Number of protein chains: 2
Amino acid sequence: MTEVVDRRGGGGTAANNKAVRTAATTAGVTKGSSAGPRANAQSASQPAVDVAELGEQLLGKWADARRHSRALAGDPALHKTEGLTHTEHRARVFGQLKYLVDHNAVHRAFPAALNGADDHGGNVAGFEELVTADPSLQIKAGVQWGLFGSAVMHLGTADHHAKWLPGIMSLEIPGCFAMTETGHGSDVASIATTATFDEATDEFVIHTPFRAAWKDYIGNAAIDGLGAVVFAQLVTQGVNHGVHAFYVDLRDPGTKEFLPGIGGEDDGVKGGLNGIDNGRLHFDNVRVPRTNLLNRYGDVTADGTYTSPIASPGRRFFTMLGTLVQGRVSLDGAAVAVSKIALSAAIRYGTERRQFNASSHTDEEVLLDYQRHQRRLFTRLATTYAAGFAHEQLLQKFDDVFSGTHDTDADRQDLETLAAALKPLSTWHALDTLQECREACGGAGFLIENRFASLHADMDVYVTFEGDNTVLLQLVAKRLLADYAKEFRNVDFGVLARYVVTQATGVAIHRTGLRQVAQFVADTGSVQKAAIALRDEEGQRALLTDRVQTMVADVGAALKGAGTLPLEKGAALFNQHQNELIDAARAHAELLQWEAFTDALRDVSDPGTKVVLTWLRDLFGLSLIEKNLSWYLMNGRLSMQRARTVGDYINRLLVKIRPHALDLVDAFGYGDEHVRAAIATGAEKTRQDEARAYYRAQRASGTAPVDEKVLLARAATSARTGQR
Amino acid sequence: MTEVVDRRGGGGTAANNKAVRTAATTAGVTKGSSAGPRANAQSASQPAVDVAELGEQLLGKWADARRHSRALAGDPALHKTEGLTHTEHRARVFGQLKYLVDHNAVHRAFPAALNGADDHGGNVAGFEELVTADPSLQIKAGVQWGLFGSAVMHLGTADHHAKWLPGIMSLEIPGCFAMTETGHGSDVASIATTATFDEATDEFVIHTPFRAAWKDYIGNAAIDGLGAVVFAQLVTQGVNHGVHAFYVDLRDPGTKEFLPGIGGEDDGVKGGLNGIDNGRLHFDNVRVPRTNLLNRYGDVTADGTYTSPIASPGRRFFTMLGTLVQGRVSLDGAAVAVSKIALSAAIRYGTERRQFNASSHTDEEVLLDYQRHQRRLFTRLATTYAAGFAHEQLLQKFDDVFSGTHDTDADRQDLETLAAALKPLSTWHALDTLQECREACGGAGFLIENRFASLHADMDVYVTFEGDNTVLLQLVAKRLLADYAKEFRNVDFGVLARYVVTQATGVAIHRTGLRQVAQFVADTGSVQKAAIALRDEEGQRALLTDRVQTMVADVGAALKGAGTLPLEKGAALFNQHQNELIDAARAHAELLQWEAFTDALRDVSDPGTKVVLTWLRDLFGLSLIEKNLSWYLMNGRLSMQRARTVGDYINRLLVKIRPHALDLVDAFGYGDEHVRAAIATGAEKTRQDEARAYYRAQRASGTAPVDEKVLLARAATSARTGQR
């Protein structure tokens with residue numbers, strides 16, 4: 001026992017050891033009633049979380065929009081009804097969209113002139129919160145106003161706005177965002193649908209040349225869509241000017257039948273989001289007026305001349321697609337919201353549910369007192385906080401760009417890169433958290449009444465739509481490489497190595513071995529000393545930053561000259577480093593999350609809250625370092641001795657955080673009407689109280705049966721006594 | 001490029017480099033038609049897989065039972081219909097159970113005297129294959145015959161068999177296995193339902209004392225169950241003899257209404273397996289004849305005297321529960337089967353689907369040629385092979401015990417431990433594989449027509465039912481600790497350290513530092529040399545074995561004396577090492593999988609198959625080492641230099657395996673009627689051929705529009721020319 005206490009508290013005299021042990025017990029490592037650890041948190045020896053203040057901070061800059069949207073999302077009229085067929089679910093969600101219109105929930109981003117509010121940040125914040133009602137509702141709203149409506153608004157001009165936005169806003173015109181094709185998902189530049197200008201009739205001819213060019217996975221396409229923004233290669237005067245967007249009427253508003261030349265298919269049942277009627281569309285020489293081209297970034301005159309304010313076709317394409325970044329931004333926020341819902345349910349259940357009689361004969365352990373259970377849930381709680389703070393920064397950047405406050409090309413590129421970095425991590429994290437919470441709640445977690453499985457099914461596609469996560473991380477990696485190349489242009493490798501080694505954050509290229517040797521010398525201190533260094537903010541930052549920079553530098557060095565190779569060989573060389581590139585992008589995104597968490601600590605004024613949140617940030621940072629510990633070791637960034645302290649330090653953080661776990665999920669601010677999990681209502685505690693009362697009464701009345709094991713033990717004792 | 005070629009092939013003269021480069025290109029690192037790499041695999045320079053021979057090996061000892069069951073599972077009558085309500089799905093599955101009876105699919109394990117076959121291994125093998133038709137069908141069959149029927153067979157005696165088995169086998173009596181309670185899942189010993197013997201009427205009184213004691217998550221309970229085996233604490237003459245099983249009639253066969261005193265609830269919609277009517281049951285002093293006690297391991301005479309052939313209550317309890325190990329065994333096999341289905345679909349699609357135009361202007365990369373895609377799918381393919389071979393060993397052990405061939409207490413304990421080790425890994429692996437395959441297929445992967453999402457939803461509960469995976473791994477850990485303690489009883493730590501260090505497998509306790517120092521000295525060779533050592537079978541075995549033994553020894557040392565502490569402190573100490581314990585158990589299970597894969601290599605006679613399978617085994621072993629690389633580094637088992645070669649070596653294995661990927665999934669032997677994924681039917685290739693033909697014809701006719709970028713490039717060139 002002494003050794004363990006030493007490791008936890010720092011060792012020393014016997015008196016010190018005792019003090020440490022008492023503190024450890026108070027911190028919840030041993031069992032207690034579900035109220036116990038929390039009550040302890042309020043005592044003088046423990047910091048306490050100011051739940052209200054923290055809750056306000058988490059609501060962020062667009063707190064009002066979030067509150068308005070949460071109030072709506074708590075309304076049973078918007079909740080997912082489980083067990084419906086996809087046909088029934090689609091009908092329900094379509095009705096809910098009208099409810100959103102009637103309750104002023106979806107127009108914030110549209111122009112004030114059309115009774116919108118020109119409020120881009122608030123619009124996305126409100127949209128994100130809808131996910132707690134039903135992800136299908138959220139995404140169907142996203143298709144209608146975030147994609148279809150946004151495309152008309154951002155890619156079209158005044159006439160288009162006047163003609164279509166009112167009907168889109170009111171849901172009079174349900175519509176599609178017809179970009180993705182069966183043959184091309186993330187690679188939009190390669191779509192094959194054509195829009196060929198016919199000077200004779202002043203019309204564009206929209207055409208699907210083959211099966212792979214059918215539009216696919218298109219929300220609103222199977223049933224509801226009357227109109228569509230169709231993306232196609234604009235061809236005029238024999239020249240292909242690349243992908244442009246066209247407004248196309250799809251169905252007769254009266255009969256709901258496809259108009260001539262248009263056909264489609266229902267995508268059918270999906271893994272989730274079955275409240276949305278995804279489908280396929282194809283066009284057989286469908287003619288639309290020339291003015292149906294959404295012409296903000298490219299136009300065609302009546303004589304067929306193409307004009308554009310952006311000369312470079314490449315930059316023009318990315319500018320057009322860039323207006324769609326809000327999809328990625330909002331998925332990032334929605335993923336954080338769902339992670340919060342899942343953890344609220346699982347952590348509350350963990351403080352009530354008892355299982356296995358480990359330490360006494362009358363009470364079993366509360367699940368959340370088990371070390372493994374803490375590891376499973378608290379590491380994900382820490383990541384959820386980090387992802388939430390990072391999202392708030394992303395949302396701010398998004399609003400800066402779309403409000404025009406900071407809207408340079410560089411701002412837009414930074415926004416794109418930031419969204420491409422954060423959306424993959426948060427959406428994967430949501431799936432991982434839902435799955436872990438579901439498993440942590442055992443069989444109860446599998447019942448739809450507790451929602452984990454339902455939300456997992458619905459959130460699944462978030463990791464591949466609006467940009468496949470793996471593809472997005474490669475975009476991030478390319479940006480990192482480009483920045484790296486820009487910085488070191490015309491610098492030879494020797495100079496580069498020196499530059500990197502002398503950076504303030506302590507970056508080193510492992511090949512030099514300098515830092516590696518230095519650290520081996522430095523790391524002769526005790527385990528305790530090493531742990532202090534790791535929990536130091538600068539220590540974590542240095543390790544996380546170093547890893548990103550070194551990984552990028554390594555890949556950059558390996559790819560040096562790839563551009564001068566024949567195309568096929570250059571691609572092969574690139575492919576040999578694809579895995580490292582994606583890992584580097586991920587490390588970069590994790591660093592951004594860590595920095596956002598650390599920034600947020602500065603905004604916390606309550607001292608107790610700051611202490612607890614700092615533990616949580618440390619848990620996040622140390623978990624990242626633990627996950628990538630092999631990298632730190634084999635690149636000489638951590639000594640073996642120091643690396644061996646990481647796991648212990650994480651275990652100690654779990655014990656510290658345990659008494660504050662409920663406060664930390666309460667600060668998310670979601671009520672029972674949002675969490676809606678039968679196991680998170682206190683029912684488990686009620687059942688246990690009833691069981692305990694039953695056994696107590698049975699013992700008191702003397703009617704309790706004797707355990708056979710007890711009888712055998714008594715018999716063994718009396719046999720031994722008899723032998724004496 | 002030279003550096004890269006050196007790394008891949010081993011370097012040397014320029015002539016050698018060229019030869020290596022050619023082989024590398026042939027091996028599929030560069031793009032090719034989907035048939036290309038495979039055709040290359042047949043060439044003289046490449047080993048080829050004998051798909052038929054490997055397929056036979058994978059079918060294993062109970063190949064006939066698997067073939068019979070696969071033929072049935074390929075029948076559309078047994079396939080899951082997607083999009084049904086849970087009510088419709090339940091009705092369909094109940095009908096399918098009758099189909100199984102009629103087609104002789106579910107009686108192999110029952111006594112020959114009752115037209116069974118006393119074939120336990122074959123029964124489980126056949127059962128496992130049903131999962132490809134519909135997991136609900138499989139699990140509902142498992143409830144009826146594997147749990148309800150098995151309990152009557154294994155826990156009951158001749159009269160019970162005669163009375164109930166015929167009706168259970170024919171499905172005349174659909175029934176429940178009523179063990180789990182709302183308050184107690186994995187902890188069966190603590191269930192609260194009581195069966196109190198009443199001498200006056202010669203009856204047991206089955207009673208649910210409070211809400212937490214309701215039976216919950218019970219298959220067949222909501223609708224179909226007419227009978228049940230109910231687990232309850234047997235109380236007679238004031239003594240509780242622990243958990244026993246009782247046969248209880250639940251519903252009137254005519255009206256299907258609950259009999260007096262019995263009530264219940266429907267568990268409703270679940271995350272998956274909605275073809276099964278799970279529900280809750282409670283009993284209000286329900287009386288059953290004394291002879292309804294399934295009395296093989298414990299009986300009560302008419303005067304209330306309890307008798308048992310097993311004196312120890314603890315051993316008796318585990319013996320009774322031990323008869324249920326077949327549930328875990330069969331889930332292990334079913335999880336492997338589902339992983340095979342998922343990989344068959346995703347790998348086939350990966351050989352056809354092209355995306356992003358990386359290396360040429362006319363053809364895009366096939367997904368499976370991307371390094372990251374190979375990493376995602378091939379590492380899981382390797383694990384699936386390992387899990388499959390390990391499962392075959394488990395099934396053999398199961399059959400040995402249940403056939404009576406090897407049925408000592410030690411055999412049963414080994415079987416329990418093996419099942420508890422393998423079932424968690426294979427069921428988690430199935431979920432992980434389904435998710436990764438779904439994501440690797442993008443939006444198409446999310447459509448139910450491609451089944452990944454559907455199977456994920458159904459398989460989800462496999463990780464927590466029949467023993468929560470985390471709890472099972474703790475059982476394994478306890479066994480490892482017990483074995484460790486037994487081996488080193490009365491040995492002080494110094495002796496222990498010496499013992500471990502001198503073992504043949506090269507185990508060392510890191511504290512001694514001996515091996516660590518030795519390896520630093522040894523590791524002065526080149527990267528190439530280190531890679532050879534890692535791909536050596538003995539090298540992998542030593543690393544994997546060492547890790548298990550050291551982890552167990554570490555925890556054993558830390559827990560030394562925990563038994564002498566007061567109960568609460570001992571439990572707290574144990575809890576402080578829970579995470580390490582679970583990790584140690586997992587490492588043990590992974591080692592078992594690796595050993596099983598290695599054993600299987602010895603049974604491969606075709607030389608080409610052996611080469612390819614050895615690469616796959618190496619990929620499995622190296623992936624395990626990579627996953628735990630930080631452990632090997634911080635415990636001094638691998639030097640930094642050697643550790644840095646692991647990733648590269650894995651990347652080279654991926655390239656080697658690429659040409660054989662289709663063969664390796666073809667060897668699983670599942671037909672289109674089992675895989676049933678729209679994307680794995682060649683439709684993608686057909687679409688691409690059509691698209692290519694269209695563009696080819698367009699170019700040939702001279703009607704292809706010119707790309708604006710090409711025009712701009714031409715203009716730039718002529719401007720430069722003009723300047724000259």
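Two residues count as in contact here if their C-beta atoms, placed from the backbone, lie within 7 Å. By that yardstick, 90 residues from chain A meet 90 residues from chain B. The model is a predicted one: local features need pLDDT of at least 70, side-chain atom pairs count only at pLDDT 80 or more, and totals for chains, interfaces and linings use all residues. Residues are numbered from 1 along each chain as its sequence is written, while chains are lettered from A and ligands numbered from 1 in the order in which they are written.

**How the two chains meet**

- On the side of chain A that touches chain B, helix 21 (residues 567-575) of chain A gives the most, with seven residues; helices (H or I, at least four residues) and strands (E, at least two) are DSSP runs, numbered from the N terminus.
- That side of chain A splits into 39 nonpolar, 32 polar and 19 charged residues, where Ala, Val, Leu, Ile, Met, Phe, Trp, Tyr, Cys and Pro count as nonpolar, Asp, Glu, Lys and Arg as charged, and the others, Gly among them, as polar.
- Strands cross over too: strand 12 (residues 706-707) of chain A pairs with strand 6 (residues 239-249) of chain B in the parallel sense over two bridges, pairing being called if DSSP finds at least two bridges between two strands.
- Val706(A) sits opposite Val239(B) in that strand 6 of chain B.

**Symmetry**

- Turn chain A by 180°, with 0.0 Å of shift along the axis, and chain A superposes on chain B with an RMSD of 0.0 Å; the fit is by least squares on the C-alpha atoms of residues with pLDDT of at least 70 in both copies.
- That's the relation of a two-fold axis.
- Within chain A, Ser630(A) comes closest to the rotation axis, its C-alpha at 2.0 Å.
- Since 100% of the interface residues of chain A are also interface residues in chain B, the copies meet through the same surface.

**A small-numbers sheet in chain A**

- Three strands form an open sheet in the order 4-8-7 (chain A), with antiparallel pairing.
- Strand 4 (215-218) and strand 7 (262-266) of chain A are at the edges with a single partner strand each, so one side of each has no neighbour in the sheet.
- Strand 4 of chain A pairs with strand 8 (residues 279-283) of chain A over two bridges, and Lys215(A) has Leu281(A) as its bridge partner in strand 8 of chain A.

**A helix pair in chain B**

- Helix 12 (residues 371-402) and helix 23 (residues 607-627) of chain B pack at about 100°, axes 8 Å apart; axes are lines fitted to C-alpha atoms, for helices over the stretch in contact, and angles run from 0 to 180 degrees between N-to-C directions.
- The contact has seven nonpolar, three polar and no charged residues.
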